[in-house]
Amino acid sequence: MRTALKGHLSLLLVAFKMENINWKTISFTTLNDFLHKPKHAASLAVARILFGMLMLIDIVEERGGSDLDIRWGDAKTCHFPLLPHLQRPTLPWMCLLYGIMWLGALGIALGYKFKLSCAFFCVPYWYVLLLDKSFWNNHSYLYGLIGLLLFTSSANCYWSLDSFLSNDKTNAVPNWNYFILKFQIFILYFYAGLKKTDMEWLDGYSMANLGHHWIFSPFSSIFTVHEIDYLIIHMSGFLLDLSLGFLLVWKKTRPLSILAGITFHLMNSRMFSIGMFPYVSIATIPLFCEADWPIKLLSKFVYKKEIEEKIPSVCNANKKSRVVLIMFYCLLQMFLPYSHFITKGFNNWTNGLYGYSWDMMVHSWDTTLVVVRIVDNKSGKEHFLDPSAWTHNDRWSKHADMCVQYAHCLKNNLLTEISKERNRQNSDIDNYITSQDISIYVDVWCSLNGRFQQRMFNPNYDLLKADWSPFKKVEWLLPLLTEYSVFRETIREIENHVYTWSNYSDVLFIADFPGLSLENFISPDLDNVTLTVIEGEVVLQTELNDKQVQLVKGSSIPIVSNVFHTILTVGERPSCFMYTYFNKTKDELKEEETSIKSSQYSPMPLLEDSAASVEGFVRMWDLVGNSILNLIYQVPMIRRAPL
């Protein structure tokens with residue numbers, strides 16, 4: 001937090017220096033004058049236009065506008081609202097909200113009825129965002145913030161329909177219009193760099209095997225894949241995030257930093273599925289340039305007359321209260337990414353919900369198994385449910401608050417289905433839950449940043465009776481086995497060795513807690529399966545016989561395929577072990593990965609995906625039109641079946 005404060009003060013001091021203000025004599029008056037100094041509105045207008053246009057695409061794609069019927073059409077689908085009493089409307093009303101949001105984005109781009117357009121965009125946007133935490137990410141949060149900041153600005157006073165239709169024309173905006181947006185973008189970069197001071201990133205464990213991507217082909221003749229992962233991705237990414245905001249503010253380094261920033265974002269657009277984020281970031285970079293740069297640029301090609309140096313004065317009303325609000329917003333944005341000591345209930349192995357912390361790409365997850373177990377407490381029967389049932393993604397499985405929400409959603413859905421089944425003739429009710437007294441347990445196995453696969457939550461904790469609070473630690477969260485983090489280099493070495501055995505060889509590393517057992521089924525597609533204990537002690541038992549075999553560190557034993565076996569961790573310390581095996585399906589997966597890799601070769605994804613974007617746009621507006629007819633004339637909504 002102290003480092004972030006220094007970063008904010010540095011930004012302000014550099015900004016003052018650019019305006020020839022002596023930082024040693026800073027007072028509320030000088031700050032007030034600085035924030036209200038008139039600036040040309042051209043650069044702000046360009047940012048407004050580009051942001052609005054990109055949101056037109058984002059609403060259709062990443063906000064799910066093209067799949068409204070699938071994402072919001074089934075009443076039984078489990079959603080994960082931030083506020084417990086926040087409920088989603090029916091599909092027709094949700095489609096209408098998306099239509100309003102899209103028209104708001106269009107109004108922002110055109111600068112038409114600007115305040116109303118911003119409201120049309122922001123209100124539905126934040127409502128949809130808060131309706132489901134499982135779709136949260138940092139850039140979605142950023143879009144909402146930019147929308148709110150544009151709402152408070154005068155970004156429509158230039159190159160807009162509002163200015164064209166208005167008799168009161170101006171080419172100036174107060175400097176705070178720029179400052180608040182530049183501050184937000186500065187925070188985006190600088191805090192992303194601060195979060196990368198985590199040793200997980202600095203040691204090179206956050207982003208593994210990206211060096212294979214074609215985007216790094218120019219470096220492949222100089223560096224190994226591992227060196228590209230560490231030097232280019234981790235170290236260069238850390239230094240760029242930490243310094244780019246400062247370099248953009250400083251005039252002498254701005255040209256080079258603009259080139260570096262654009263290159264960085266274009267590379268990200270090819271490596272990750274992050275929607276419009278790279279292009280929104282590129283669109284906001286010119287805000288750090290001189291405010292009249294678009295006019296100067298156009299004057300070289302279109303305008304022949306000289307640019308007027310004089311900028312008209314701006315309104316001075318409520319200047320002091322505005323300065324206080326701006327400073328409060330800045331302090332809030334500095335505080336929120338480090339506020340997880342308050343909202344302890346949202347913490348797991350990492351801090352907080354992934355979405356407002358700017359900890360982008362610092363943590364990579366690999367989930368191998370999610371078991372949802374439902375126990376009928378009246379009959380004692382156990383039932384197992386597909387963890388993808390009634391959900392659109394698996395983000396819920398790694399957050400305790402969403403696990404609880406999912407458990408209650410499952411209970412409501414299951415009891416509803418059972419009630420329907422009871423009313424059917426010839427239904428085999430004995431195969432179903434027979435009472436409302438049920439318990440729901442989840443067993444989530446995942447790896448964080450290349451560690452062993454391990455349990456995240458206590459698998460014997462009833463989520464329907466969970467004592468969860470946003471301000472209390474999660475009592476059923478199991479600790480990350482950091483004492484075994486030192487094995488990550490060993491894991492890499494073993495993996496590289498196993499991969500030399502055959503094109504089909506593979507290895508899986510697992511750790512578990514004392515007193516807990518792993519029940520596992522080896523698929524018949526796997527051959528030559530061997531279990532090796534790396535640390536601790538385990539007891540192995542298969543369903544073929546009741547014989548128990550105790551294994552200690554360094555012990556290995558072959559495992560029979562197509563049967564269940566149980567591995568119980570004994571002793572006082574956690575165990576870690578590995579399966580090595582030959583996977584016949586791996587070659588097919590490699591061919592599929594190669595196909596995906598080659599399909600990402602285009603450096604212009606917006607052009608490459610234009611056909612799909614148009615198709616999604618048409619589908620969204622078909623649904624919006626259908627919703628209007630439904631609300632007015634009760635025309636049935638047409639829905640596709642989920643894939």
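Helix 12 and helix 13 cross in a left-handed way, meaning that the near helix is turned anticlockwise from the far one by less than a right angle (clockwise would be right-handed). Keep in mind that this is a predicted model, where local features need pLDDT of at least 70 and side-chain atom pairs count only at pLDDT 80 or more, while totals for chains, interfaces and linings use all residues. Residues are numbered from 1 along each chain as its sequence is written, and side-chain values use heavy atoms, with hydrogens and water left out.

**Helix 12 with helix 13**

- Helix 12 covers residues 254-271 and helix 13 covers residues 277-284; they pack at about 165°, with axes 8 Å apart.
- That angle makes helix 12 roughly antiparallel to helix 13. The labels go like this: under 35 degrees is roughly parallel, over 145 roughly antiparallel, 65 to 115 roughly perpendicular, and the rest oblique.
- Axes here are lines fitted to C-alpha atoms, for helices over the stretch in contact, and angles run from 0 to 180 degrees between N-to-C directions. Helices (H or I, at least four residues) and strands (E, at least two) are DSSP runs, numbered from the N terminus.
- On the helix 12 side, Ile262, His265, Leu266, Asn268 and Ser269 meet Pro278, Tyr279, Ser281 and Ile282 of helix 13, where contact means heavy atoms within 4.5 Å.
- These contact residues split into five nonpolar, four polar and no charged. Nonpolar covers Ala, Val, Leu, Ile, Met, Phe, Trp, Tyr, Cys and Pro; charged covers Asp, Glu, Lys and Arg; the others, Gly among them, are polar.

**Helix 5 and its two partners**

- Helix 3 (residues 42-60) packs against helix 5 (residues 91-110) at about 160°, and their axes are 7 Å apart.
- Helix 3 and helix 5 are therefore roughly antiparallel, and their crossing is left-handed.
- Among the residues that meet here are Arg48, Ile49 and Leu56 from helix 3, plus Tyr98, Met101 and Trp102 from helix 5. This contact divides into 14 nonpolar residues, one polar and one charged.
- Now look at helix 6 (residues 114-131): its axis comes within 7 Å of the helix 5 axis, crossing at roughly 135°.
- Helix 5 and helix 6 are therefore oblique to each other, and this crossing is left-handed.
- Tyr98, Met101 and Ile108 are among the helix 5 residues in this contact, and Phe114, Phe120 and Pro124 are among those of helix 6. Here the split is 16 nonpolar, three polar and no charged.

**Spans from the record**

- The unreviewed UniProt entry lists residues 90-108, 114-130, 142-161, 176-194, 231-250 and 271-288 as "transmembrane region". UniProt positions follow the numbering used here, feature names are shortened, and annotations may be inferred rather than shown by experiment.
- Residues 114-130 are 100% helix and 0% strand, with end C-alpha atoms 24 Å apart.
- For residues 271-288, the figures are 50% helix and 0% strand, with the end C-alpha atoms 26 Å apart.

**Two open sheets**

- One open sheet has four strands in the order 4-3-5-6, paired antiparallel; two strands pair if DSSP finds at least two bridges between them.
- Strand 4 (382-385) and strand 6 (454-455) are at the edges with a single partner strand each, so one side of each has no neighbour in the sheet.
- Strand 5 (residues 438-448) is joined to strand 6 by two bridges, and Trp445 sits opposite Arg455 in strand 6.
- Another open sheet of four strands runs in the order 8-13-10-11, again with antiparallel pairing.
- Its edge strands are strand 8 (517-521) and strand 11 (548-551), each pairing on one side only. On average, neighbouring strands in this sheet are turned by 20° against each other, direction ignored.
- Strand 10 (residues 537-542) and strand 13 (residues 564-570) run antiparallel, joined by six bridges. Val539 stands opposite Leu568 in strand 13.
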